[in-house]
Amino acid sequence: MKYSDLEGKTSADLQAMLKERKTELFTLKIKQKMMQLQNTSELTVARKDIAKINTALTAVAN
């Protein structure tokens, strides 16, 4: 996901995307603890996506 994809979204859309990504990150962490996660780079991608969404939310708020 690129930041430019998030620029035109509303605050409600961004909140929904944030909730979805946080849930995904939680399940990835659980899979990692249970040794079921094959691609560990998914954790990094999910964290970066959450940061991008938070940045877009801050931009929309201002």
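**Notes on a three-helix predicted model**

1. Let's start in the loop between H2 and H3, which is where Met 35 is found. Keep in mind throughout that this is a predicted model. Met 35 has a phi near 60°, a positive value in a residue other than glycine. Most residues other than glycine have a negative phi, so that angle deserves a look in the viewer. As for its surroundings, Met 35 is exposed, with a relative accessible area of 72%. Along the chain, Met 35 comes after H2.

2. Now the overall layout. The chain has three helices and zero strands, and from the N terminus on the order is α-α-α. H1 covers 3-6, H2 covers residues 11-33, and H3 covers residues 41-61. The C-alpha trace spans about 40 × 15 × 15 Å along its principal axes.

3. How much of the chain is buried? Of the 62 residues, 23% are buried. The accessible surface comes to about 4600 Å², and carbon and sulfur atoms hold 53% of it. On contacts, if you take those with a separation of 6 or more, 62% come from residues 24 or more positions apart.

4. H2 is worth a quick geometry check. With 23 residues at 1.5 Å a residue, H2 should span 33 Å, and its end C-alpha atoms are 33 Å apart, so expectation and model agree. The buried residues of H2 are Leu 14, Leu 18, Arg 21, Leu 25 and Leu 28. What covers these buried residues includes helix H1 and H3.

5. Arg 21 stands in that list alongside four leucines, so what does the side chain of Arg 21 meet in a salt bridge? One partner is Asp 49, at 2.5 Å, N to O. This pair links distant parts of the chain, with Arg 21 in helix H2 and Asp 49 in helix H3, 28 residues apart. Both ends are buried: Arg 21 has a relative accessible area of 18%, which falls under the 20% cut-off, and Asp 49 has one of 2%.

6. The other salt bridge of Arg 21 is with Glu 24, at 2.7 Å, N to O. Here the two partners sit three residues apart in helix H2, which means they are separated by about one helical turn. Glu 24 counts as partly exposed, at 29% relative accessibility. The count for the model comes to two salt bridges. Because they share partners under the 4 Å salt-bridge rule, Arg 21, Glu 24 and Asp 49 are joined into one network.

7. A bit more on Asp 49, in helix H3. Which residues is Asp 49 in contact with, leaving aside its neighbours within four places in sequence? They are Met 1 and Arg 21. The buried state of Asp 49, at 2% relative accessible area, is worth remembering when you look at charges in this model. On that topic, the chain has 11 positive and 7 negative charges, and their mean positions are 8 Å apart.

8. Two pairs relate the start of the chain to H3. Ser 4, which lies in helix H1, is 9.8 Å from Lys 52, C-alpha to C-alpha, although 48 residues separate them in sequence. Ser 4 counts as partly exposed, at 49% relative accessibility, with over 50% needed to be called exposed.

9. The second pair is Thr 55 and Tyr 3. Their C-alpha atoms are separated by 8.7 Å, and they are 52 residues apart along the chain. Thr 55 has its place in helix H3 and, like Ser 4, counts as partly exposed, in this case at 45% relative accessibility.

10. If you open just a few spots, I'd pick these. Look at the network of Arg 21, Glu 24 and Asp 49, then the positive phi of Met 35, and then the C-alpha distance between Thr 55 and Tyr 3.

Definitions and conventions:
Residues numbered from 1 in each chain as written. Predicted model: local features only at pLDDT ≥ 70, side-chain atom pairs only at ≥ 80, totals over all residues. Heavy atoms only, no water. Helix = DSSP H or I, 4+ residues; strand = E, 2+ residues; numbered from the N terminus. Buried < 20%, exposed > 50% of the residue type's maximum accessible area, 1.4 Å probe, protein only. Contact = heavy atoms within 4.5 Å. Expected span 1.5 Å × (residues − 1). Areas by Shrake-Rupley, 256 points an atom, 1.4 Å probe, with all protein chains shown as cover. Lys, Arg positive; Asp, Glu negative; His and termini not counted. Charge placed at Lys NZ, Arg CZ, Asp CG, Glu CD.
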